[in-house]
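Here's a small set of exercises to work through with the model open in your viewer. Try each task before you read its solution.

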Amino acid sequence: MSSALDHATIDEVAASIDDELIGMRRDIHRHPELAGEERRTSALVAERLRAAGLAVVTGVGGHGVVAVVDGAGDGPTVAYRADMDAVDDDELFDCAFSSQVPGAAHLCGHDLHTAIGVGTALVLARLREQLNGRVVFVFQPAEETCEGARAMIEDGVLERTAPREIYALHCAPLPVGMLAVGPGQAGQDGFRIELAGSDAADDAKRFAAMIDGLSTVGRPHAPEQVQRLMDDMQIPDGPLARFVFALSHVSSGDDGARVHAWLRAWPDSRYAEIRDEVRRSVGALPGARVEFTEQPFPAMVCSPELNATAATYLRGALGADAVMTLHAAYPFNGDDFADFLQQVPGAMFYLGVANPEAGIHGLPHSPDFGADERAIGVGVRAMAGFLSSRLDALV
Ligand SMILES: [Zn+2]
């Protein structure tokens, strides 16, 4: 497979904006904005891409931004999505550009995702004379609440741009310089058990223990546990081929007790099985009742074929050792990129941001999440090349 854009050309253009993108990431990191509040971040993105001559539409599904790189030649349309919002927590990772907003921090790496999206668009815009087709950049708000993708889709982003494929990247606890392809991310489900009577508090504890007992995997804390998890994810049909991760919380008052439960599982068929199990157990106790969320949020399922195509391209571009194939979804995070993948085939790739020697494990949603910023340049080079290769392949 050949790309119109060779890697040396991409590398040269990308190198000219590496420092700018790191600066942009730090700026966004200092000024994190929670889901639905991405005014400053989206304005920054729109302003930079307009300055580069791209057609930019703002206010799509909230603070979403859509920017289009039109190649000089005719061809198909592919899309690339980057999420922009921060996590509602404080960060522990100490850096010179720490969050200046109490209760908000980029603990999921969306600041890097945004910088990579901007960088990829800038590189392709500079090389548009060699591009055949169109790349649509979708900067999405409100990923953390699983609302932003749906809001942009409902606002017509896919209908208006009609991409044949859509891609995204997510930071991952892999060594910086590496990328991985994988099956996707788990969806999620939740329910509440209401208990009454004099034994309500004890019953609640019993149900909470049952819910916790559904977990087949525990959240890693120590670096060696993270490593073990990443190793397990590389085993076909390994221990994470099917998993459940369950959390419970008990609250009680004068009127009884309740148990809140939150689940991630892979594959999605596990949710129906778990709902049946829970209904049976709760039904066996008079006076107890369970309420489920309307329906589970769907898993993000990547195309196995496009993953294989991407792995081949990325190995050629970045080196055979730089690309890993994962055979299991990461058990503790989901992503509402799921909503895009339900409409358009594509994949999310995993971008290594870890640097253990520097004390950076790169585990998203940890309070001490940190990222090696060299990952931004890796992501830009990988995605600029891969997206242009898809335009050529889809002609
Ligand atoms: Zn995320």
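**Exercise 1. Find how strand β6 pairs with β14, and which residue partners Leu179.**

Step 1: β6 (residues 179-181) pairs with β14 in the antiparallel sense, over 2 bridges. Strands here are DSSP E runs of at least two residues, helices are H or I runs of at least four, and both are numbered from the N terminus. Pairing requires that DSSP finds at least two bridges between the strands.

Step 2: Leu179 has Leu351 as its bridge partner in β14.

Before going on, a word on the model. It is predicted, so local features need pLDDT of at least 70 and side-chain atom pairs count only at pLDDT 80 or more, while totals for chains, interfaces and linings use all residues. Residue numbers start from 1 along each chain as its sequence is written.

**Exercise 2. Work out what β14 has on its other pairing, and how covered the strand is.**

Step 1: Strand β5 (residues 165-175) runs parallel to β14, joined by 8 bridges. Ala172 is bridged to Gly352 of β14.

Step 2: Now check burial (20 or more other C-beta atoms within 10 Å of a residue's own; exposed is 12 or fewer, partly exposed is in between; C-beta atoms are placed from the backbone). In β14 (residues 346-354), 9 of its 9 residues are buried.

Step 3: Split the strand by direction. Gly346, Met348, Tyr350, Gly352 and Ala354 point one way, Ala347, Phe349, Leu351 and Val353 point the other way, and all are buried. In a regular strand, side chains alternate between the two faces of the sheet.

**Exercise 3. Locate the largest nonpolar core relative to the domains.**

Step 1: A nonpolar core is a set of buried Ala, Val, Leu, Ile, Met, Phe, Trp, Tyr and Cys residues joined through C-beta atoms within 7 Å. The largest one has 118 residues, and Phe349 and Leu351 are among those touching the most other members.

Step 2: Helix α12 (residues 374-394) gives the most to this core, with 10 residues.

Step 3: The core lies between domain 1 (7-185 + 298-394) and domain 2 (189-221 + 240-292), because both give residues to it. Those bounds come from an automatic or database domain assignment.

**Exercise 4. Is Val118 buried or exposed, and what does Val118 contact?**

Step 1: Val118 sits in helix α4 (residues 110-126).

Step 2: Val118 is buried, because 29 other C-beta atoms lie within 10 Å.

Step 3: Beyond neighbours within four places in sequence, Val118 contacts (C-beta atoms, placed from the backbone, within 7 Å) Leu21, Met24, Val45, Arg48 and Leu49.

Conventions: Contact = placed C-beta atoms within 7 Å.
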